[in-house]
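Student: I am new to this structure and should like to work through it step by step. May we begin once it is in view?

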Amino acid sequence: MYMPTQTFNCQTDYALETLNSVNLDTLETFFENLPVDPYLAGNYRFRRLSRFQIIGKCVTQLSDTPLFQTKAYNPLAGDVVRKFAGIEPELMALDDFQKICLEFFDFCQLCTSFNEIDVHQIRIVAVPQAVGHPAPEGIHQDGVDLVGIFCVARKNMTGGLTSLYKSKEEAPIFTKILNPGELLVFNDKQFFHFTSILNALAAELGVRDVFVLTCPGLFPPENSQK
């Protein structure tokens with residue numbers, strides 16, 4: 001489904017588009033140095049997180065703030081103040097990275113009053129002996145206004161289908177493998193989402209690299225940030 005921003009309805013629509021102008025090879029090199037996610041057992045998720053303010057076409061990094069969700073949204077890591085290393089400055093300076101942020105923010109301007117976004121840089125890996133779980137919390141919402149998922153790379157793996165649901169009890173209204181270069185945008189208040197497990201091919205390491213963008217960010221309570 002392609003839904004240009006000028007016709008996007010925040011209450012009913014989701015959007016899927018391909019960003020052909022983004023150099024994926026340049027972005028992919030920055031996924032090789034991601035720290036392991038210390039809040040998830042299994043060492044199959046690697047992650048960085050940074051927050052940005054967008055005014056006009058200017059993408060400005062804000063000070064690092066921990067990530068926080070309640071258990072109502074994340075039964076695995078809810079009510080935990082999670083601190084991640086920030087996205088590398090060299091990546092943030094790339095025009096290709098900023099194009100992704102600005103494209104997502106075009107939708108945000110239609111659906112929310114916030115001008116700040118979180119960008120999660122995430123690698124999920126799978127090996128022949130163990131699968132990777134892009135969404136170990138199951139079918140869920142994040143607790144924000146808008147979510148974007150941009151696929152940078154898929155290598156040596158099967159699975160990883162991303163689905164959108166009107167409720168946890170209903171069949172998905174959208175199911176697709178997000179291919180490199182594709183951006184899926186949806187209203188987090190209107191849709192639940194899930195991405196299925198990854199399986200490695202043969203003896204190869206299976207890899208899925210994505211940016212997950214949210215508007216606004218997920219802030220911890222003020223008395224929990226220390």
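**A guided reading**

Tutor: Methionine 92 is buried, for its relative accessible area is 10%. Please bear in mind that this is a predicted model.

Student: In which helix does methionine 92 lie?

Tutor: We have just seen that methionine 92 is buried. Its place in the chain falls within residues 89-92, and these residues form helix α2.

Student: How far apart in space are methionine 92 and threonine 60, C-alpha to C-alpha?

Tutor: Along the sequence, methionine 92 and threonine 60 are 32 residues apart. Methionine 92 also touches residues beyond four places away in sequence, among them Ser50, Phe52 and Gln61. In space, the C-alpha to C-alpha separation of methionine 92 and threonine 60 is 9.2 Å.

Student: In what order do the seven strands of the open sheet stand?

Tutor: Strands of a sheet pair through backbone hydrogen bonds, either parallel or antiparallel. Here the pairing is antiparallel. The edge strands, each pairing on one side only, are β1 (14-18) and β3 (58-61). The order is therefore read between those two edges, as β1-β9-β5-β12-β4-β2-β3.

Student: How many bridges join strand β4 to strand β12?

Tutor: Strand β4 covers residues 116-126 and strand β12 covers residues 206-215, and the two run antiparallel. Within this pairing, histidine 120 stands opposite valine 212 in β12. The number of bridges joining the two strands is nine.

Student: Is glutamine 121 buried or exposed?

Tutor: Glutamine 121 has its place in strand β4. It touches Phe30, Leu34, Ile87 and Phe211, among others, not counting residues up to four places away in sequence. Its relative accessible area is 0%, and the limit for the inner class is under 20%, so glutamine 121 is buried.

Student: Which backbone oxygen does the side chain of glutamine 121 reach?

Tutor: Phe30 and Phe31 are both among the residues that glutamine 121 touches. The side chain of glutamine 121 comes to 3.1 Å from a backbone oxygen, that of phenylalanine 30.

Student: At about what angle does helix α3 run to β12?

Tutor: Helix α3 (residues 95-111) lies across β1, β2, β3, β4, β5, β9 and β12. Its buried residues include Phe97, Ile100, Phe104 and Cys108. The angle of helix α3 to β12 is about 40°.

Student: What distance does α3 reach from its first C-alpha to its last?

Tutor: Helix α3 has 17 residues, for which 24 Å is expected at 1.5 Å a residue. The model comes close to that value, with a reach of 25 Å.

Methods:
Residues numbered from 1 in each chain as written. Predicted model: local features only at pLDDT ≥ 70, side-chain atom pairs only at ≥ 80, totals over all residues. Heavy atoms only, no water. Helix = DSSP H or I, 4+ residues; strand = E, 2+ residues; numbered from the N terminus. Contact = heavy atoms within 4.5 Å. Axes fitted to C-alpha atoms, helices over the stretch in contact; angles between N-to-C directions. Expected span 1.5 Å × (residues − 1). Buried < 20%, exposed > 50% of the residue type's maximum accessible area, 1.4 Å probe, protein only. Polar contact = N/O pair within 3.5 Å; in protein donor to acceptor, adjacent residues only side chain to side chain.
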